[in-house]
Structures are given as structure tokens and as C-alpha cells.
Amino acid sequence: MDERIDAFLDDLEAMHAWQERHARRGEFADELAAHTAERTLLERLRGAVGQEIRVSTESREITGALVFLGAGIIVLDGPAVTIVSLAAVVDMRIPSRRHRAAEGVLERLGIASALRRLAAAGEEIAVELRASQGTMRGRVELVAADYLEIAGRIVPLSRIASVQARVNPFA
């Protein structure tokens, strides 16, 4: 009889321990959800600097190490250096879930800064336009406040999906 009472008490103790663990998991999940709700995409990207990520635009997929995060852009180093406009990103695959809140001092630099640096270096680039409007190749002739001139064509900076170059303009 004592064995049955001991087994019953062991079962009660195990059930109580399980209920406590389950309650703690629920509290932790609620706390984690509230904490995550405050995070931003930029913080997630900051946490992924140095890691290989995959980015999809309207017309293609780009894979490379995230080497720079700027104002509305990311720079990926893969087979070529690719400057991607965040406005043209459809989705991303980032292996890490790490977030970093601290903003980098160069994050205020955007696509115009990158294009000016590439123009000063005399680099030949490929500019992919948004909405699958094609790609232009050549050397940058002029970078104004809100447009680029390349190969005799004027392109609003807001229409650029990505820029490929041989060098990282922010290195």
C-alpha cells in the first residue's frame, strides 16, 4: 500500500512541476513577444553585419556578406559589391535573430553618397531599376540631390533597386 501512495505522491509532484514549467514558459513567451515587438528591421540588420544574407528585389535575388548599412541602403559583398535600396527589397533571409540598437556613425550615408564615391573613383557600374525596368551600365556622369546621370540617361534615385560595382564605396 505504501508503494502506491508513494507513486501517487510522485505523480502529483511531477504534475505540479510540469504545471510550473508550463506557466514559466508562457510568461517567458509573453515577455519575449513584448520585447520583440519593439525591435526594428534596422536593428536586425545591424545585428547581421558581417553575416551572409539573401535579399530579394522585384527582379532578382542577391546573396552576400552584409558589410554596410546606410540611410535606406545595405551593401552586400558577394561575387560583386551590390548596393541595395531597402525600398526595393521584397524580402530577406537573415540567419541571425540578433538585434543591435546602437546606430553607426556612417548610417546617415545613402545611395547618393555611394554613387558619388564610385563616380570619384571612375568605377563602371550596373544600375538595376525598380519595377523590372532593366539595367544600365556605365560610368556615373553626375549625381545630384535626387537623380543620377549615367550613359546619357537621367534616373531618379528613388527608382534605383540596386547598384553593382567592383569595389565597396564605403570601404
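A residue is called buried when its relative accessible area is under 20%.

**View 1. Burial and surface of the chain in this predicted model.** Of the 171 residues in the chain, 36% are buried. The chain exposes about 10,500 Å². Carbon and sulfur atoms supply 51% of that exposed area.

**View 2. Helices and strands along the chain.** Three helices and ten strands make up the count for this chain. Their order, read along the sequence, is α-α-β-β-β-β-β-α-β-β-β-β-β. The chain is more spread out than a compact globule, because its radius of gyration of 25 Å is well over the 16 Å that the globule rule gives for 171 residues. Taken along the principal axes, the box filled by the C-alpha atoms is roughly 95 × 30 × 25 Å.

**View 3. Contacts between residues apart in sequence.** The contacts considered here join residues at least 6 apart in sequence. Of these contacts in the chain, 58% are between residues at least 24 apart.

**View 4. Charges of the chain.** The chain has 22 positive and 25 negative charges. The mean position of the positive charges and that of the negative charges are 11 Å apart.

**View 5. Confidence in helix 1 and strand 4.** Helix 1, residues 2–36, has the lowest confidence in the chain, with a mean of 69. Strand 4, residues 81–85, has the highest, at 98. For the chain, the average pLDDT is 89, and 92% of the residues score at least 70.

Definitions and conventions
Residues numbered from 1 in each chain as written. Predicted model: local features only at pLDDT ≥ 70, side-chain atom pairs only at ≥ 80, totals over all residues. Heavy atoms only, no water. Helix = DSSP H or I, 4+ residues; strand = E, 2+ residues; numbered from the N terminus. Rg over C-alpha atoms; globule rule 2.2 N^0.38 Å. Buried < 20%, exposed > 50% of the residue type's maximum accessible area, 1.4 Å probe, protein only. Contact = heavy atoms within 4.5 Å. Areas by Shrake-Rupley, 256 points an atom, 1.4 Å probe, with all protein chains shown as cover. Lys, Arg positive; Asp, Glu negative; His and termini not counted. Charge placed at Lys NZ, Arg CZ, Asp CG, Glu CD. pLDDT = per-residue confidence, 0-100.
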